[in-house]
Every structure is written in C-alpha cells, then in structure tokens.
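Please look through the sequence and the model shown here before reading on, and keep both at hand. The report that follows goes through selected parts, one heading at a time.

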Amino acid sequence: MIGAILTQQTRWENVERAIQALKEAGLCSIRAIRDASPGQIEDLIRCSGFYRVKTHRLFHLASHIMDTYGGVQGMRKKPTGELRASLLSVHGIGEETADSILCFGLGRTSFVIDAYTIRICRCAGIPGDRTVLKSAFEEILPARIGAYRQAHAHIVEYAKDYCQKKRCDTCLVRNLNG
DNA sequence: CACCAGGTTGACC
DNA sequence: GGTCAACATGGT
C-alpha cells in the first residue's frame, strides 16, 4: 500500500530504496506512519520524488485506514467494491493507486490499468478508456490473484522495452486521450 | 543539458 | 468538459 503511493509517476527502483529506508527506521507500516512526524517521513522517502505531497498522501491513507478499519487487518473481511470506493475517497488516491493497493496489497482481483496499459491497447488497436479496459481485462483473466498480478507486471515490462518514446512515435499513439 | 518516470489534484478556460 | 501546471528526485 505504501509502495502504491510512492510509485505514483515514479520508477519502482527508486521506490524500493524509499521503502528500505522506511523499514530501517521502523516506519514501514500503516500505524507507524500515522504516528510519525511528517519531517521524518519526508527525509526517508525523498529519493522517490514528490516527497512532500506523497508524505501527505501517506498520512491521509494511514489515518483513513486506522479510523475506518482499525488497521489493515480490519480491511480483510470487507468486500472489494466497498474497499475500492473507500480508497477512492482518500485524497491522493486515484483509480490506479486504489486498484494497485487492492491487487498487490490485499490480494483482490481488481485489475490495474496504468498509462502503459492504455498506451499498449491503443497500439494494438483496442479502444476504450480506463473503465472499459478494466472491465475487458477482468472478463478475460482467470479469477486468480496471480494471474492479475502477472498480467499487469508483464504489460509494464513489455512497455518499458517496446513502448517507450521512440517506438511509440513510430506508431503514433503518444496522446492517450486521442 | 534535455527529457522522462506505473499519478492525482485543482485551477482555468 | 477538456487542458494544464504543480509536485521533486534520479536516471539515461
């Protein structure tokens, strides 16, 4: 969940270092973050960029979870749809981050649609916005969490190698809205 | 030095 | 309802 916030518009390699720093400081948990000082969190996650806004977002998420569910454990028995709406109500958490938390954090079969996925679908001639593509993937994928995680991971890996700026200029799909 | 990165929000037309 | 800058550091 913490990684989902930190990776917003940021390479995962930089996020890993921030998470390692949080762990070494004993602050890599929802409760610990809620009770930490903002300055300390800022220093620890600096290497993941946007450290001030991300610190705020971590606090928003942490206090929301503690206040609403009493902790991460309290989220386990709730239905996925309810959790998703709940997460989306947190300032700084949009659809991708919410699905990322559900899929990779809580093991729910809620497919993550990121900018790469939309871009690749455009390259492949598959139209539709995030909502349409999410439904399409969820109809196709087997209802196993491993399948959801791997499919997303494979798309990101593929995009890094083949859908970067140069190649995408070739297939004219730079504009995600067009 | 220029450009980009798995996103979200709020301001402005 | 669409477009755009802000957020900030690290890598190529």
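## The end of helix 5 and other positive phi angles

Just after helix 5, in this predicted model, G70 takes a positive phi of about 75°. A positive phi is also found at two residues that are not glycines, namely Q9, whose phi is near 55°, and F50, whose phi is about 45°. Q9 belongs to the loop between helix 1 and helix 2, while F50 is found in the loop between helix 4 and helix 5.

Is Q9 buried or exposed? With a relative accessibility of 73%, Q9 counts as exposed, because a residue is called exposed when this value is over 50%. R11 lies in that loop between helix 1 (2–6) and helix 2 as well, and R11 is likewise exposed, with a relative accessible area of 59%. Although R11 and G49 are 38 residues apart along the chain, their C-alpha atoms are separated by 9.6 Å.

## The surface near the DNA strand

Which residues surround DNA strand C? They are N14, R17, R46, C47, G49, F50, Y51, R52 and V53, and of the atoms of DNA strand C that come within 4 Å of the protein, sugar and phosphate account for 62%. Sorted by type, the residues of this surface divide into four nonpolar, two polar and three charged. Helix 2 (12–24) and helix 5 (51–69) each supply at least two residues of the surface near DNA strand C, and helix 5 gives the most, with three residues.

Some of these residues approach the strand through the backbone of the protein. A backbone N or O atom of F50, the loop residue with the positive phi, lies 3.1 Å from a sugar or linking oxygen of DNA strand C. For R52, a backbone N or O atom lies 2.6 Å from a phosphate oxygen of the strand, and for V53 the corresponding distance, again from a backbone N or O atom to a phosphate oxygen of DNA strand C, is 2.8 Å.

## Helix 5, its length and its buried side

How far apart are the end C-alpha atoms of helix 5? They are 26 Å apart, and this agrees with the 27 Å that the 19 residues of the helix should span at 1.5 Å a residue. Besides supplying residues to the surface near DNA strand C, helix 5 has a number of buried residues, which are K54, T55, L58, F59, L61, A62, H64, I65, M66 and Y69. The elements that cover these buried residues include helix 1, helix 3 (30–35), helix 4 (38–45), helix 6 (80–88) and helix 7 (95–105).

T55 offers an example from helix 5 that can be followed in detail. Its relative accessibility is 2%, and T55 therefore counts as buried, since the cut-off for a buried residue is under 20%. If residues up to four places away in sequence are not counted, T55 touches P38, I41, E42 and I45. P38, which is found in helix 4, counts as partly exposed at 44% relative accessibility, and when its neighbours within four places in sequence are left aside, P38 is in contact with T55 and F59. P38 and T7, by comparison, are 31 residues apart in sequence and 19 Å apart in space, C-alpha to C-alpha.

## The nonpolar cores

In soluble globular proteins, nonpolar side chains tend to be buried together. In this model, the largest nonpolar core has 33 residues, and those with the most contacts inside this core are L6, I41 and L61. Helix 1, helix 2, helix 3, helix 4, helix 5, helix 6 and helix 7 each supply at least two residues of this core, with the largest share, seven residues, coming from helix 5.

What does L61 touch, once its neighbours within four places in sequence are left aside? L61 is in contact with M1, I5, I30, L87, V90, I93 and I101. A second core of 14 residues is separate from the largest one, and among its members are C103, I118, F137 and L141.

Key:
Residues are numbered from 1 along each chain as its sequence is written. Chains are lettered from A and ligands numbered from 1 in the order in which they are written. This is a predicted model: local features need pLDDT of at least 70, side-chain atom pairs count only at pLDDT 80 or more; totals for chains, interfaces and linings use all residues. Side-chain values use heavy atoms; hydrogens and water are left out. A residue is near a molecule or strand if one of its heavy atoms lies within 4 Å of it. A polar contact is a pair of N or O atoms within 3.5 Å; within protein, one must be able to donate a hydrogen and the other to accept it, and residues adjacent in sequence count only if both atoms are side-chain atoms. Helices (H or I, at least four residues) and strands (E, at least two) are DSSP runs, numbered from the N terminus. Ala, Val, Leu, Ile, Met, Phe, Trp, Tyr, Cys and Pro count as nonpolar, Asp, Glu, Lys and Arg as charged, and the others, Gly among them, as polar. Buried means under 20% relative accessible area, exposed over 50%, partly exposed in between (1.4 Å probe, protein chains only). The expected span of a helix is 1.5 Å times one less than its number of residues. Contact means heavy atoms within 4.5 Å. A nonpolar core is a set of buried Ala, Val, Leu, Ile, Met, Phe, Trp, Tyr and Cys residues joined through side-chain atoms within 4.5 Å.
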